[in-house]
Amino acid sequence: INNGVDVVLDTDTPALAGLTINGKLSFADSKDLELTSEWIMVFGELEIGTEAKPHTRNATITLTDRHEGEQLMGMGDRGIMLSGGTLNLHGNRTNAWTKLSATAEAGATTIYVLDASQWLAGDEIVLASTDYNPRQAERRTIASVNGNIITLTEPLAYMHFGEITFGVDERGEVGLLTRNITIQSSEDSLESYFGGHIMAMVTSRMYVEGVELNRMGQNMELARYPIHWHLVGEGGQGQYIRNSAIHDTFNRCVTVHGTN
């Protein structure tokens, strides 16, 4: 996408060998869209929604690795890589996190929470462990939502405590993993642990909210993380990642390097 050209993506793409953005690429908000590419190099701007007008349809970017070992400007492979560019990703989910309002027993298929607004059938959630064993965290899919009552597609394996005891709030947390904007690597990364990554070099800008990052990060590779401000110096003011879900990662979550 050449200098000074604004392109609106309004159809799914075939699998691209790579995508370089010198102008601006934005996703149309008229239907669900998927973009598949080995990598995306951003000198200009990649936009899916704005802070003032979040994206409302489903948008998915999948990073593949059919051509292994590529190296782009010191930022590696299988990534969204910014060299002085701007990344604007703004999904429409704002309720990311709540708590149980009652204890959920092992075997339960219904849970009661404080706030299930915006949560939908088909969404994935995670219930934090309320035991000394952190492995009792459980991921489940929502079958239906009725107010703040959530029905799950399969029963819980463990009890999740949902009470305030002696003034101490010990209600288990429940997090929403699903977002309407998803950045992910293709499923082969589950075998290689070589996921996608987002990397912004100095003078680049990232504004990310309401986004799901799935199968991201590259195992045992330095500077290849799900989202990464690299040697940002004093240029990071005003940038953010917020209200987002980062899960099934192969190397860390959010990394900010070289700044105070």
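## Salt bridges in a predicted model

The side chains of Glu-124 and Arg-139 meet in a salt bridge with an N to O distance of 3.8 Å, where a salt bridge is a side-chain nitrogen of Lys or Arg within 4 Å of a carboxyl oxygen of Asp or Glu. Glu-124 lies in strand β12 and Arg-139 in strand β13 (residues 138–146), so this pair ties together parts that are 15 residues apart in sequence; helices (H or I, at least four residues) and strands (E, at least two) are DSSP runs, numbered from the N terminus. Glu-124 is partly exposed, with a relative accessible area of 27%, and Arg-139 is partly exposed at 33%. Here buried means under 20% relative accessible area, exposed over 50%, and partly exposed in between (1.4 Å probe, protein chains only).

The model is predicted: local features need pLDDT of at least 70 and side-chain atom pairs count only at pLDDT 80 or more, whereas totals for chains, interfaces and linings use all residues. Residues are numbered from 1 along each chain as its sequence is written, and side-chain values use heavy atoms, with hydrogens and water left out.

The structure holds 12 salt bridges, among them the three tabulated here.

| Acidic residue | Basic residue | Closest N and O atoms |
|---|---|---|
| Glu-47 | Lys-24 | 3.1 Å |
| Asp-123 | Arg-93 | 2.9 Å |
| Glu-124 | Arg-139 | 3.8 Å |

For the salt bridge between Glu-47 and Lys-24, the partners sit in strand β6 (residues 45–48) and strand β3 (residues 24–27) respectively, so the pair ties together parts that are 23 residues apart in sequence. Glu-47 is buried, with a relative accessible area of 15%, while Lys-24 is partly exposed, with 23%.

Asp-123 forms its salt bridge with Arg-93. The two residues link distant parts of the chain, 30 residues apart: Asp-123 belongs to the loop between β11 (110–112) and β12 (124–127), and Arg-93 to the loop between β9 (86–90) and β10 (97–99). Asp-123 is buried, with a relative accessible area of 4%, and Arg-93 is buried, with 10%.

The surroundings of Asp-123 can be described further. Its side chain makes a polar contact with the side chain of Arg-93 at 2.9 Å; a polar contact is a pair of N or O atoms within 3.5 Å, and within protein one must be able to donate a hydrogen and the other to accept it, residues adjacent in sequence counting only if both atoms are side-chain atoms. A polar atom of the Asp-123 side chain also lies 2.8 Å from the backbone nitrogen of Leu-120. Not counting residues up to four places away in sequence, Asp-123 touches Arg-93, Gln-118, Arg-140, Thr-141, Ile-142, Leu-176 and Thr-178, contact meaning heavy atoms within 4.5 Å.
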